[in-house]
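Here are my notes on the two-chain model you sent over. I've kept them as numbered points so you can follow along with the structure open.

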Amino acid sequence: MNVDFLVQALHRGDARSVARAITLVEEGDAGGTAILEQLDRERIEQALLIGVTGPPGAGKSTLCAQMIGQLRDRDLRVGIVAIDPSSPLSGGAILGDRVRMMRHALDPGVAVRSMATRGRLGGLCSAAGAAVRIMAASGCRVVLLETVGVGQSEMDIVALADITIMVLAPGFGDEIQAMKAGILEVADLLVINKADQPGAQRLRLDMAAALRDPGDRQQRILETVASEGRGVTELLDRIFLLEEALRDGGALERRRRRSRELETLDQALELLREPLRQRIRDRNEKTRDPRELAREIVERMVIMPAQAARNDDEHGS
Amino acid sequence: MDKRYRVLIGKPGLDGHDRGAKFIARALRDAGFEVIYTGIRRTVDEIAAAAIQEDVAAVGLSSMSGAHMRLFPAVVEALARAGGADIPVLGGGIIPDEDIPALKNAGITAIFTPGTPIDTIIEAFRAACRTHLGQQAR
């Protein structure tokens, strides 16, 4: 595998190279790290990552397909990363979000990648951020990141994405009640999809009750009928206005800094998992309290070497 | 843990009978595969493009309507056009025994008929993925 060749082809927008690069990262291959190091930073900086979350059946994939169509009409290249959960029993997964996006399958300006969570909690997979960066570097001006969320687990997508939209549909009123304390406050935009269906009025009232400030309601709640494409133009206009405001005010840079910190922490913990497991097994302690043992292992592994390194620095200078 | 194999299950052509395809998709998931499902009534080029973008190690096709002699080889050709000539294609459905040699000649790696045990199908996908990824690593 020639990494330089693959990176060049990826930056030209070659579909197979984009796909191979994402696989290499997902599999933890050393080539994957080398590719990520060489990605076009400027393109990544310019791309907008939109997180799309919401309960199953709310119409996320249909809405994404409509957004893709309109983004293409605006002559923008688009990437989609659609994440579905892995089966906790077999580790396998059925990834079916493509079904609703197939009309864009032959458009070279649209890259779609389905990914499974592979045991990671929180609705994302650990390679999600990298997959998004690879798509951005390949020339996608907008990347949509679609995950299933029902009120608790979507904080991860909020942390990763530049702008998060929560998609709801009539019939999910009870979920709104349960969600009140979480996602409704942190999602940038709340979309009432299937707004032409019975129950939409009830959902509007529930949302209005959850968002007490009228200005907030005006700003953040939108309605769509994704199956017919209604409301999608307004949604995209709102998203791009928000992007402009976030970029101008420096808020986007703050969000991205936090996102990088979180992904780094997440990956560091992932890398520590195996060595820690090995140490715990080697110690084979039977009498020590697990919490105390954990503290001691981490102290020896991380904190003491860091102190030693600091001491060396001080003596050296 | 075993490597996670990614496969695509698709239905080319106009045939809308997807019970078989969904059954295979679930069986593969339960055997630990990540299965990208494209739904019914896809063109061969759509299936090939999806297989490339998803970087799958194998493509499985289902046909119940008798169009397999035209559609299965057409997917192999579409994959080759899209730059995925190395991705193995497996096929199943209502396929008469006498069609099997011609399909294999046209580059279909394995053919399954209504009597094929599900374990045989899973093993064939596993073998196809293993061979494909082994070649890629070289």
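1. Let's start inside chain B, with strand S1. B:Arg6, B:Leu8 and B:Gly10 point to one side of S1(B), while B:Val7 and B:Ile9 point to the other, and all are buried. In a regular strand the side chains alternate between the two faces of the sheet. S1(B) covers residues 6-10, and five of its five residues are buried, so you can call this strand mostly covered. Do keep in mind that this is a predicted model.

2. Who sits beside that strand? S1(B) pairs with S2(B) in the parallel sense, over four bridges. If you want a spot to look at, B:Val7 stands opposite B:Val35 in S2(B).

3. Now follow S2(B) out to the other chain. Strand S3 of chain A (residues 93-95) is joined to S2(B) by three bridges, and the two run parallel. Here A:Ile94 stands opposite B:Val35. That is a residue you've already met: B:Val35 also stands opposite B:Val7.

4. On the contact between the chains, chain B puts in 25 residues and chain A puts in 24 residues. On the chain B side, the elements that give two or more residues are helix H1 (19-30), S2 and H2. Which of them gives the largest share? That is H2(B), with six residues. By type, the chain B side divides into ten nonpolar, five polar and ten charged residues.

5. H2(B) deserves its own look. Nine of its ten residues are buried, so the helix is mostly covered. The buried ones are B:Val44, B:Glu46, B:Ile47, B:Ala48, B:Ala49, B:Ala50, B:Ala51, B:Ile52 and B:Gln53. Within chain B, these buried residues pack against S1, S2, strand S3 (58-63) and helix H3 (68-81). From chain A, they pack against helix H2 (15-26) and S4.

6. Check the backbone on either side of that helix. Just after H2(B), B:Asp55 takes a positive phi of about 50°. Ahead of the helix, B:Arg41 has a phi near 60°, which is positive in a residue other than glycine. B:Arg41 is in the loop between strand S2 (34-37) and helix H2 (44-53) of chain B. Is B:Arg41 buried or exposed? Neither quite: it is partly exposed, because 14 other C-beta atoms lie within 10 Å, and a residue needs 20 or more to count as buried.

7. Chain A has a comparable oddity to look at. A:Lys194 has a positive phi of about 55° although it is not a glycine. A:Lys194 lies in the loop between strand S7 (189-192) and helix H10 (200-210) of chain A. With 25 C-beta neighbours inside 10 Å, A:Lys194 counts as buried.

8. Stepping back to chain B as a whole, there are five helices and five strands. From the N terminus on, the elements run β-α-β-α-β-α-β-α-β-α. For 138 residues, a compact globule would have a radius of gyration near 14 Å, and the 13 Å of chain B agrees with that. Along its principal axes, the C-alpha trace of chain B spans about 40 × 30 × 25 Å. Buried residues make up 52% of chain B. Of the contacts in chain B between residues at least 6 apart in sequence, 72% join residues at least 24 apart.

9. Over in chain A, look for an open sheet of seven strands, in the order S4-S2-S5-S1-S6-S7-S8, with parallel pairing. Strand S4 (110-116) and strand S8 (221-223) stand at the edges with a single partner strand each, so one side of each has no neighbour in the sheet. From one strand to the next, the twist averages 20°. Inside this sheet, strand S6 of chain A (residues 163-168) pairs with S7(A) in the parallel sense over four bridges. One pair to look for there is A:Met166 with its bridge partner A:Leu190 in S7(A).

10. Last, the domains. The domain assignment of chain A gives domain 1 (1-38), domain 2 (41-251) and domain 3 (259-316). Taken over C-alpha atoms, the centres of domain 1 and domain 3 of chain A are separated by 31 Å.

Conventions. Residues numbered from 1 in each chain as written. Chains lettered and ligands numbered in written order. Predicted model: local features only at pLDDT ≥ 70, side-chain atom pairs only at ≥ 80, totals over all residues. Rg over C-alpha atoms; globule rule 2.2 N^0.38 Å. Buried ≥ 20, exposed ≤ 12 C-beta atoms within 10 Å, placed from the backbone. Contact = placed C-beta atoms within 7 Å. Pairing = 2+ DSSP bridges. Axes fitted to C-alpha atoms, helices over the stretch in contact; angles between N-to-C directions. Domains from an automatic or database assignment. Nonpolar A, V, L, I, M, F, W, Y, C, P; charged D, E, K, R; others polar.
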